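Here are some short exercises on helix packing and cysteines. Try each one before you read its solution.

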Amino acid sequence: MRETSTSPPPAARLAAWAIRHATPVISLWVIFGVTAALLLPSLLSAMRPPQARLPGSASAHAAALIERGFPEWGSEQMLLAFSSATLRADDPAYLDAVSVTVRALATRPEVTLVDALPALAGQDPRHLYALVAVTGDTRRHLSGQRQLAEQTVWHASAGDVRVHLAGVTPAFAELVRADEADLRRIELVTAPLVLALLVAGLGVAGAALITLAVAVAAVLAGVGLFAAATPLLPVDSTLLTVTVTVCLGLGVDYAVLIVLRHRHYRAGGRAPVEAATRAAATAGTTVSWCALAVMGTAACLLVIPEPVTRHMAVAVVVAAAVTLAAALTLLPCLLVRCDRVLGWGSLPWHRERGGAGWVRWGRHLTRRPWPYAIGISALLLLAATPALDLHLGIRYDRAALAGTDVGQALAQMERDRLGGATFVALPHPSGGRPVDVAALVERLRADPLVADANSLDNGRDLTLVIVVERAAPDSAEAAALLGRIRGEAARLLPPGQPVHTAGATSLLHDAATIAATSLWQVIALALICSFALLAIMFRSLLIPLKAICMNLLAIGAALGLLALACSLLGTEVNPLIPLLVFTVVFGLSLDYEVFLVHRIAEHYRRTGDHNAAIVEGLRHTARPITLAAAVLATTFAGLLLSHRHDLRQAGFAVAVAVVLDATLIRVALVPALMRLFGHRNWWPATCRLRMPSCVGKSRRFQTIQEE
């Protein structure tokens, strides 16, 4: 055994400190967990749907213009959808019930306008609609508005008339409510599966329980942080779902690596404290870099001015941070205090084989690298081909909304061919004269997808054209109509007249556009950050380039298979999914790259034998990589149990990418390519790393040399 004179890395120092103060550290994590569990009900009740505006977008600018120029139209417009199974809409009892409901809603302070709409051609004679304009935070008052409308119309009509509230915010609110039940079901299913995988992979029930306990502690810590931050950061269901899923997956990921290294040292005769400290110095250092990679790639999402995307970024960053904290503080304490438990429940067929199977595979791979490099690359490129024809679109999740009040309202509106409204805001020219919109209104009324079009002017600085659409806001027809509205406005209005559109169709169009255009910014930032991080870690330029190419292959193949699955199901891919998949999978793929290449680098720096280093790297890391990937894939695959299309798409894509990365790429393609590149892998540090005499010149990895 050779010991270096370098000081212990930060991970080892933190673990040693935690072990010395094991009782208060464990107590603190228990307090965090209990507090988070107690705060969870209040967190669930405080969850709000995302905002119905995209800050900085064209639709948000138009909505702000309308709110200032026409205060009575508020900050958001929704629809009351009335229906009756027995009464026609022209029945006096029906009309009285609608009138009473309209007057009741108008008394609420946040409601600025309630107005019944005239019946449209082809509308069901038992249906009526009313426009509701609200100001302020719509999410805060939504429940009260819905209850008041439902109760008022029920009592006024003796139960003959019903009403549902429809709009962007009501739809988001229903999805939040459904997500709460989905999250409970997902965790009830995935937690036992994860435990079973850990027991089977580790071969010891005690080690599996400790590993899962650390992951659960990270989940509770992440949830507790967001519960405490609720007054400052509105929490929605997407943020909570991503936090729980990433904490559980990464928690198991990192704990498995450290636990296996700890068991390796214990099998070598080390005392529990020394084994835990050395595991933190080696595996803990690797885990630290992995967490930094995940946080760095997720933080790239913050460049997108979209609340849901930024919430996902915050969720992943917080999840990686608390998971790392649990792995470097709680886990070393449990490894020392529960040393006897680690060997409890050993499976009858389990016995340590020293990775003999992976050694045979590594030697086989280093003898025949070309067939594997070419074959696997071709297979992944073939799987990625459908991603070139990826159909993106934001749609109301009708499957998740089915049976809800909003879902019934949307179905009723679609049967009546009433889709919603687009508001065209036209600021007055410098002279202050109203904009002449007669020709535009006449042209729009002739469009088959327009139910009605009217204009208003505030007499000061803004003219407003209201276009009632027959197509649902999330349909391709509505998107095409929006393009025609903008085109006709540019053609029929005076030259240079600014045209701004607001409404549900404009909002969804802006969201899809922002996500699609921002994808390349996020990719560029993630590539730059990842390259810099890996270059610093390995003091090589070729390894970062190769790692980035491998990550892109895994992500491309996963998105290609997702595109193929969605085309078979006849659905479109939510534009946020490629963003989420790219950032999360890119960070996780860097995890496995660091796991493998770090261990290869350790052996290569000691011996200078490149082929033997590849075999040793596989022997020590293939098992934790495949086990961690199986757990992580199971965790994200649990999202397939959700009712929401976007969460199912994210779960499918991430799970597939992780499986491909851990099987075809990390334990086959990467070692084959490293064998082909040989000593050039470490360029420009090759001259320092080729000979064993250079051992010790890299402080980043020369923490503790193993025999």
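The exercises below each come with a worked solution.

This is a predicted model, in which local features need pLDDT of at least 70, side-chain atom pairs count only at pLDDT 80 or more, and totals for chains, interfaces and linings use all residues. Residues are numbered from 1 along each chain as its sequence is written, and side-chain values use heavy atoms, with hydrogens and water left out.

**Exercise 1.** Work out how helix 8 and helix 21 are oriented to each other.

*Solution.* Start with the angle: helix 8 (residues 237-267) and helix 21 (residues 610-637) pack at about 160 degrees, with axes 9 Å apart. Helix 8 is therefore roughly antiparallel to helix 21 (angles under 35 degrees count as roughly parallel, over 145 as roughly antiparallel, 65 to 115 as roughly perpendicular and the rest as oblique). Finally, sort the contact residues (contact means heavy atoms within 4.5 Å): 14 are nonpolar, 3 polar and 3 charged (Ala, Val, Leu, Ile, Met, Phe, Trp, Tyr, Cys and Pro count as nonpolar, Asp, Glu, Lys and Arg as charged, and the others, Gly among them, as polar).

**Exercise 2.** Do the same for helix 2 and helix 10.

*Solution.* The axes of helix 2 (residues 22-46) and helix 10 (residues 307-337) cross at roughly 130 degrees and come within 10 Å. That makes helix 2 oblique to helix 10. Trp 29 of helix 2 and Arg 337 of helix 10 are among the residues that make the contact.

**Exercise 3.** Decide whether Cys 300 is in a disulfide.

*Solution.* The structure holds 0 disulfides (pairs of cysteine sulfur atoms within 2.5 Å). For Cys 300, the nearest cysteine sulfur belongs to Cys 529, 4.4 Å away. Cys 300 is also buried (under 20% relative accessible area; exposed is over 50%, partly exposed in between, with a 1.4 Å probe and protein chains only), at 4%.

Conventions:
Axes fitted to C-alpha atoms, helices over the stretch in contact; angles between N-to-C directions. Helix = DSSP H or I, 4+ residues; strand = E, 2+ residues; numbered from the N terminus.
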